[in-house]
Amino acid sequence: MTSLTVNNQPIRYRLSPDTPLLWALRDASNLTGTKYGCGTGDCGACTVDIDGRARRSCQVPIGAIEGSVVTTIEGLSRDRSHPVQQAFLAANVSQCGYCIPGMVMAAAALLRHDADPSEATIRAGITNLCRCGIYPRLVEAIQRAAR
Ligand code: FES
């Protein structure tokens, strides 16, 4: 049994401690906004916030984060869209959209640690992959969200 707080809700997972957080979220909690892309920690589609840091949930066994606070795209903002989501919309960042939840989670974490990131900081800090090539609009949106 692993106890976590997910999107402000206490949850006890009756899963093997080796279960990747990605699958606990998607299969046991039905939080399907967190996407599976590669399963190897490379693409970032599965990015969630764990204790204030953006992490690739496919690489995090739930047993390794007992007691942690996890935020997914569903819990990023309660009443209205998060400023990063608003900026993504305003900059038309999304193309196919599959990578966007992970991108938003990574961007929100980046902005918590650097409120006014340079383009170089954004490009170095957001290592999520996008097959549509949204990167120029992604940089624009993150800088827009920072304003
Ligand atoms: Fe986790 Fe790609 S699915 S990094």
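**A two-domain chain and its enclosed helix**

Strands β1 and β2 (residues 9-13) run antiparallel and are joined by five bridges. Here strands (E, at least two residues) and helices (H or I, at least four) are DSSP runs, numbered from the N terminus, and two strands count as paired if DSSP finds at least two bridges between them. The structure is a predicted model, in which local features need pLDDT of at least 70 and side-chain atom pairs count only at pLDDT 80 or more, while totals for chains, interfaces and linings use all residues. Residue numbers start from 1 along each chain as its sequence is written.

Within this antiparallel pair, Ser3 faces Arg12 of β2. The hairpin of β1 and β2 has two residues between its strands, and Asn7 there takes a positive phi near 50 degrees. Asn8 lies in the loop between β1 and β2, and its phi is also positive, near 70 degrees, in a residue other than glycine. For comparison, most residues other than glycine have a negative phi. Asn8 counts as exposed because it has 10 C-beta neighbours inside 10 Å. The scale behind that word is simple: a residue is buried if 20 or more other C-beta atoms lie within 10 Å of its own, exposed if 12 or fewer, and partly exposed in between, with C-beta atoms placed from the backbone.

Strand β1 (residues 2-6) has a second partner, strand β5 (residues 69-71), and these two pair in the parallel sense over two bridges. In β5, Val69 is the bridge partner of Thr5. In a regular strand the side chains alternate between the two faces of the sheet. The faces of β1 can be told apart in this way: Thr2, Leu4 and Val6 form a covered face, and Ser3 and Thr5 an uncovered one.

Turning to the whole chain, five helices and five strands are present. Read from the N terminus, the elements follow the order β-β-α-β-β-β-α-α-α-α. A compact globule of 147 residues would have a radius of gyration near 15 Å, and the chain agrees with this, at 15 Å. The radius is taken over C-alpha atoms, and the globule rule is 2.2 Å times the number of residues to the power 0.38. Along the principal axes, the C-alpha atoms fill a box of roughly 40 × 30 × 25 Å. Of the 147 residues, 41% are buried. Two residues are in contact if their C-beta atoms, placed from the backbone, lie within 7 Å. Among contacts between residues at least 6 apart in sequence, 61% join residues at least 24 apart.

The chain is divided into domain 1 (2-74) and domain 2 (83-146), with bounds that come from an automatic or database domain assignment. The C-alpha centres of the two domains are 21 Å apart. Where they meet, 14 residues of domain 1 are in contact with eleven residues of domain 2. On the side of domain 1 that touches domain 2, β3 and β4 each supply at least two residues. Strand β3 gives the most to that side, with three residues. The residues of this side of domain 1 divide into six nonpolar, four polar and four charged. In this grouping, Ala, Val, Leu, Ile, Met, Phe, Trp, Tyr, Cys and Pro count as nonpolar, Asp, Glu, Lys and Arg as charged, and the others, Gly among them, as polar.

One residue of β3 deserves a closer look. Ile50 sits in this strand and is buried, with 20 other C-beta atoms within 10 Å. Leaving aside residues up to four places away in sequence, Ile50 touches Arg55, Val60, Ile65, Ser68 and Val70. Ile50 and Ser68 are 18 residues apart in sequence, yet their C-alpha atoms are 6.7 Å apart in space.

Attention now moves to helix α3. Twelve of the 14 residues of α3 are buried, so the helix is largely enclosed by the rest of the structure. Among the buried residues are Ile100, Met103, Val104 and Leu111. The buried residues of α3 pack against β3 (47-50), β4 (53-56), α2 (83-90), α4 (119-125) and α5 (135-146). At 1.5 Å a residue, helix α3 (residues 100-113) should span 20 Å, and its end C-alpha atoms are indeed 20 Å apart; the expected span is 1.5 Å times one less than the number of residues.

Finally, Asn92 is found in the loop between α2 and α3. Asn92 has a positive phi of about 50 degrees although it is not a glycine, and it is exposed, with 11 other C-beta atoms within 10 Å.
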